[in-house]
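Let's walk through this structure together, one part at a time. Keep the model open beside you as you read.

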Amino acid sequence: MPVSAARSASVRSRRWRSARRRGPTASRTGERSSSATPASCRSGKDACHPERLGARSPRRGRETAARTCGGPVSATRDVGGQPVGEHEELREQYDVVVVGGGAAGLAGALTTARALRSTLVVDAGEPRNAPADGVHNYLGREGTGPRELVALGRAEVEAYGGQVVRGTATTAERLEDGGPGAPRFRVGLEDGRSVLARRLLVTTGVEDVLPDLPGLAERWGRDLLHCPFCHGREVADRVVGVLSVNAHGPDQALMWRGWSERVVLLQHTGAAPSAEQAEKLAARGVEVVEGQVAALDVADDAIRGVRLADGRAVAVDALVTMSLAVARGGLLADLGLATAELAMGELVLGEHVPADPTGATSVPGLWVAGNVTAPMAPVLTAASAGMTAGSMITKDLVDDDTAVAVAAHRGALRLGRERVTA
Ligand SMILES: Cc1cc2nc3c(=O)[nH]c(=O)nc-3n(C[C@H](O)[C@H](O)[C@H](O)COP(=O)(O)OP(=O)(O)OC[C@H]3O[C@@H](n4cnc5c(N)ncnc54)[C@H](O)[C@@H]3O)c2cc1C
């Protein structure tokens, strides 16, 4: 009988079907009321709230606040690059609030911060690839540690006046339509603070649901792998066991054969190869092992092999499997956006939040980017999607500002005409 593996920060091992039925829950970390005290500088001085003074540059606002609030505005950083956020003052309102500070969220925030938009990133600090040693296939930063890459991204966002805080957004609420210029959302944090946002970008990523097998979660991203483009090169000289869990297993084994000459297909709970697949596997020298895997053989913090239910042992240096990538869509559900099943033909890959190619959703003012909408996207693609969403949000805000200006302009003309007539 399968046993759930220990839960790590963002990886769960449990029954796929029950996960699919239940839907994503990772972001629904609390049902706290969003009427919590608005986040603000405790001084209450206007100088601490540049939006009240009509300041257009978030950088300027940030410097002003730093001088007058008597506390550091930006979080200090620890060695791992995680925001500490001991005394992080938040404004009451931002042009853009980004929930999730992985590649997608930070790229979006960099775009809006560079566009002189007051930008807040709220990030729980657990990028999906955190267990891995390095980010691969990321041009210009090949092999950089996952946490180091986001730390670099955070520094870039902050250099343009964006604010990045560690925290979990637990509520998101659509506000009454207040017309041009008005905020459209209120985002609540788990610590009880809340902020208003004219536009909202959600980049909360996915939760990887692993097959049920004791010890899998602990190996995830280290020697339990899923993506040959992320890790194939690193195990090219090793024996790679493909732990098949569906009909895709044989094709997965053939794919990994492109990197390693020694690939073993562990049939486990997956489908037996078709005649055509069996021929291809034989031609490529891929051994097929029938029978269910019951346990991992781990020694000195490394996978050495697997044990089958019938007691046989198979030696491998690394394992490959498929996770079910389930969008962390709790906040979006609160805003009326449901997740949808993501499938490739018959094969269910996970759940995502549908959006148009720019990340725009059916909720006005709400964008999504990265794995939450495209669970198969690698880091570079997630960053690119974040930038696209940030650009579209900026354009939307420019249009909104123009609508405010036009209304004021018309009002001034009307007043002028009334004075002439009087
Ligand atoms: C083990 C592993 C290794 C990988 N290696 C590679 C690789 O080498 N190269 C590659 O290109 N791709 C790799 N990937 C894929 C890569 O992880 C994703 O492409 C990337 O993480 C997607 O970025 P994202 O910004 O969409 O999501 P994430 O990076 O997952 O970021 C989402 C962020 O949102 C935060 N968050 C979630 N909910 C909330 C909330 N309610 N409030 C506040 N914050 C929240 C999370 O803590 C996290 O920091 C790997 C994936 C895995 C699983």
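A good place to begin is the interior of this predicted model. Its largest nonpolar core has 90 residues. Inside that core, the residues with the most contacts are Val97, Val122, Val187, Ala197, Leu200, Leu201 and Val242. Helix H11 is the biggest contributor, giving nine residues to the core. Two domains take part as well: domain 1 (46-207 + 325-410) and domain 2 (221-322) each supply at least three residues. In soluble globular proteins, nonpolar side chains tend to be buried together.

Now turn to the ligand. Which residues are the closest to the ligand? They are Gly102, Gly205, Gly221, Gly370 and Pro378, out of 40 residues that surround it. Three elements give two or more residues to this shell: helix H4 (103-114), strand E3 (119-123) and helix H11 (379-421). Helix H11 may ring a bell, since the core takes nine residues from H11. Sorted by class, the shell has 19 nonpolar residues, 16 polar ones and five charged ones.

Finally, have a look at a small piece of sheet. Three strands form an open sheet in the order E13-E14-E15, with antiparallel pairing. At its edges lie strand E13 (293-299) and strand E15 (313-315), each of which pairs on one side only. From one strand to the next, the twist averages 30°. Strands of a sheet pair through backbone hydrogen bonds, either parallel or antiparallel. Here, strand E14 (residues 302-308) and E15 run antiparallel and are joined by three bridges. To see this pairing up close, find glycine 305, which stands opposite alanine 315 in E15.

How values were computed: Residues are numbered from 1 along each chain as its sequence is written. This is a predicted model: local features need pLDDT of at least 70, side-chain atom pairs count only at pLDDT 80 or more; totals for chains, interfaces and linings use all residues. A residue is near a molecule or strand if its C-beta atom, placed from the backbone, lies within 6 Å of it. Helices (H or I, at least four residues) and strands (E, at least two) are DSSP runs, numbered from the N terminus. Ala, Val, Leu, Ile, Met, Phe, Trp, Tyr, Cys and Pro count as nonpolar, Asp, Glu, Lys and Arg as charged, and the others, Gly among them, as polar. Two strands pair if DSSP finds at least two bridges between them. Axes are lines fitted to C-alpha atoms, for helices over the stretch in contact, and angles run from 0 to 180 degrees between N-to-C directions. A nonpolar core is a set of buried Ala, Val, Leu, Ile, Met, Phe, Trp, Tyr and Cys residues joined through C-beta atoms within 7 Å. A residue is buried if 20 or more other C-beta atoms lie within 10 Å of its own, exposed if 12 or fewer, and partly exposed in between; C-beta atoms are placed from the backbone. Domain bounds come from an automatic or database domain assignment.
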